[in-house]
Amino acid sequence: MIDADPGVRHFTDFLSRAGLKSTRQRERIAHAFFAGRRHVSAEELYHQLRSRDAGLGLVTVYRTLKLLRQAGLATERTFGESYARFDPNPADWTHHHLICTRCGKIQEFQDATLRELGARVARSRGFTVTEQRLELYGICRDCARLDGRRTPRGSRGVPARPRARGVP
Ligand SMILES: [Zn+2]
Ligand SMILES: [Zn+2]
């Protein structure tokens, strides 16, 4: 149920406070965005929704994502691509990303040591931090495992380890 989605409810509250109309289409876009828990581009979300809504336009999806950002319910980011991705986490939730350059999977992580290091470096330079972000690019575990499987018999693959929490 779209109405039961707290993200969508916050969004419709924001729209009415801003004097903007809350259309079913905007609600459907917001619902799909929160349900996906992914760092999507407007185009990806558009293609995902278009099969069920032939009247949907890319511009509407893009504008809705921008409104979600204005509402503080999404963060706009670029990960080495020419287009923006929208993070379904609020801007004030500090976290970092691991980006697989092979399959495009984006995982999130938080690290207290990193936060302290950033604060220490900033302090020593009289610098006030307003935002901290770290992006690590490379090969994810799944892709590394596939590589391991492709290597000839007798060579060592990548050892299996428990899965980390992550948003694809
Ligand atoms: Zn994120
Ligand atoms: Zn990968």
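**Core, zinc site and charged pairs in a predicted model**

The largest nonpolar core of this predicted model comprises 23 residues, and those with the most contacts inside it are Phe11, Phe33, Phe34, Leu45, Val61, Leu65 and Leu68. A nonpolar core is here a set of buried Ala, Val, Leu, Ile, Met, Phe, Trp, Tyr and Cys residues joined through side-chain atoms within 4.5 Å, where buried means under 20% relative accessible area, exposed over 50% and partly exposed in between (1.4 Å probe, protein chains only). At least two residues of this core are supplied by each of α1 (6-17), α2 (24-36), α3 (42-50) and α4 (58-70), and the largest share, five residues, comes from α2. Helices (H or I, at least four residues) and strands (E, at least two) are DSSP runs, numbered from the N terminus. When residues up to four places away in sequence are not counted, Leu45 touches Ile29, Ala32, Phe33, Val40, Val61 and Leu65, a contact being defined by heavy atoms within 4.5 Å.

Residues are numbered from 1 along each chain as its sequence is written, while chains are lettered from A and ligands numbered from 1 in the order in which they are written. Local features need pLDDT of at least 70 and side-chain atom pairs count only at pLDDT 80 or more, whereas totals for chains, interfaces and linings use all residues, and side-chain values use heavy atoms, with hydrogens and water left out.

The zinc ion (ligand 2) has as its protein donors the SG atoms of Cys100, Cys103, Cys140 and Cys143, which lie 2.3 Å from it. Donors are N, O and S atoms within 2.8 Å of the metal (3.2 Å for Na, K and Ca), and sites may look incomplete because water is not among the atoms. The four donor atoms subtend angles of 105 to 114° around the zinc ion, so the arrangement is tetrahedral, a term that requires all angles between four donors to lie between 85 and 135 degrees. In sequence, the donor residues follow the spacing C-x2-C-x36-C-x2-C. Distant parts of the chain are thereby linked, with Cys100 in strand β3 (residues 96-100) and Cys143 in helix α6 (residues 141-150), 43 residues apart. Cys100 is buried at 3% relative accessibility, and Cys143 is likewise buried at 9%.

Strand β3 also holds His97, which is buried with a relative accessible area of 1%. The side chain of His97 makes a polar contact of 3.1 Å with that of His39, and a polar contact of 3.1 Å also joins the side chains of His97 and His95. Such a contact is a pair of N or O atoms within 3.5 Å; within protein, one must be able to donate a hydrogen and the other to accept it, and residues adjacent in sequence count only if both atoms are side-chain atoms.

Twelve salt bridges are found in the whole structure, each being a side-chain nitrogen of Lys or Arg within 4 Å of a carboxyl oxygen of Asp or Glu. Asp53 forms one with Arg28, the closest N and O atoms being 3.1 Å apart; because Asp53 lies in the loop between α3 and α4 and Arg28 in helix α2, the pair ties together parts that are 25 residues apart in sequence. Asp53 is buried at 14% relative accessibility, whereas Arg28 is partly exposed at 36%. In addition, a network of salt bridges links Arg38, Glu44, Glu81 and Arg85.

Terms used:
Four donors count as tetrahedral if all angles lie between 85 and 135 degrees; four count as square planar and six as octahedral if opposite donors are over 155 degrees apart and all others between 65 and 115; anything else is irregular.
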